Amino acid sequence: MESCLAVVRNHLVRFLTGPGTPSRIAPQTSWEWKERFPELSHLLGAYFHQDFSHEYSSHKEALDDYISGVSPDDLRCVTQEIRDFLGLGESDQQLKEAAATLGLRVAPPRGVRLRQWLVDVQGIIAHHVQG
């Protein structure tokens, strides 16, 4: 029993102290999605929620509100999370379901696919961070 625990301990120490590369495996549960992408979940769930049209006149206005209300560290974090999220290689339908799990309740702007909209959001935020 102790030898098993020692093996697990070594794996945990390596995992917690080593530089992590994001898993290419998609999370399976709502909790896993939100744990893996906390800042993206905050962006989508707090700004692009079911009451979006009551609070904002456009996607740009909601995104500007997000950018003005979070720290530069959070902005850098969300750009990386969007990159990792899109890097999972999910189909368009799986991407839509995953984004809904993270809190997205509105469609992207008319004529823009979800994947492209997220790339655009990432670019806008990254540009803002760079100044």
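**Burial, charge and exposure in a predicted helical model**

Me: In this predicted model, what makes the buried E39 a residue without a salt bridge?

Reply: A salt bridge requires a side-chain nitrogen of Lys or Arg within 4 Å of a carboxyl oxygen of Asp or Glu, whereas the nearest side chain of opposite charge to E39, that of R76, is 12 Å away. E39 is therefore listed as buried yet without a salt bridge, given that cut-off of 4 Å.

Me: Which residues does E39 touch, leaving out those up to four places away in sequence?

Reply: With that exclusion, E39 is in contact with Y66, V70, D74, C77, V78 and E81. E39 itself belongs to helix α3, which spans residues 38–47.

Me: Which other residues of α3 are buried, and what covers them?

Reply: Besides E39, the buried residues of α3 are L40, S41, L43, L44 and Y47. Their cover includes α2 (30–36), α4 (52–55), α5, α6 (72–86), α7 (92–101) and α8 (114–130).

Me: Why is D65 called partly exposed?

Reply: Buried means under 20% relative accessible area and exposed means over 50%; D65 has 32% relative accessibility, which lies in between, and so D65 counts as partly exposed. D65 is placed in helix α5, residues 59–69.

Me: What makes D65 eligible for a negative surface patch, and which residues form that patch?

Reply: A patch residue needs over 30% relative accessible area and no salt bridge, and the 32% of D65 passes the first of these conditions. The patch is formed by D51, E55, E61 and D65, and like charges are joined within 9 Å.

Me: Why does P109 count as partly exposed?

Reply: The relative accessibility of P109 is 26%, which is neither under 20% nor over 50%, and P109 therefore counts as partly exposed. P109 sits in the loop between α7 and α8, and, leaving aside neighbours within four places in sequence, P109 is in contact with H59 and W117.

Me: How far apart are P109 and S58 in sequence and in space?

Reply: P109 and S58 are separated by 51 residues in sequence, while their C-alpha atoms are 8.4 Å apart. For the protein chain as a whole, residues 24 or more positions apart account for 65% of the contacts with a separation of 6 or more.

Me: How many helices and strands does the protein chain have, and what share of its residues is buried?

Reply: The protein chain has 8 helices and 0 strands, and 34% of its 131 residues count as buried. About 8500 Å² is exposed, with carbon and sulfur atoms supplying 55% of that area.

How values were computed
Residues numbered from 1 in each chain as written. Predicted model: local features only at pLDDT ≥ 70, side-chain atom pairs only at ≥ 80, totals over all residues. Heavy atoms only, no water. Patch = residues over 30% accessible without salt bridge, like charges linked within 9 Å, V, L, I, M, F, W, Y side chains within 5 Å. Areas by Shrake-Rupley, 256 points an atom, 1.4 Å probe, with all protein chains shown as cover. Lys, Arg positive; Asp, Glu negative; His and termini not counted. Charge placed at Lys NZ, Arg CZ, Asp CG, Glu CD. Helix = DSSP H or I, 4+ residues; strand = E, 2+ residues; numbered from the N terminus. Buried < 20%, exposed > 50% of the residue type's maximum accessible area, 1.4 Å probe, protein only. Contact = heavy atoms within 4.5 Å.
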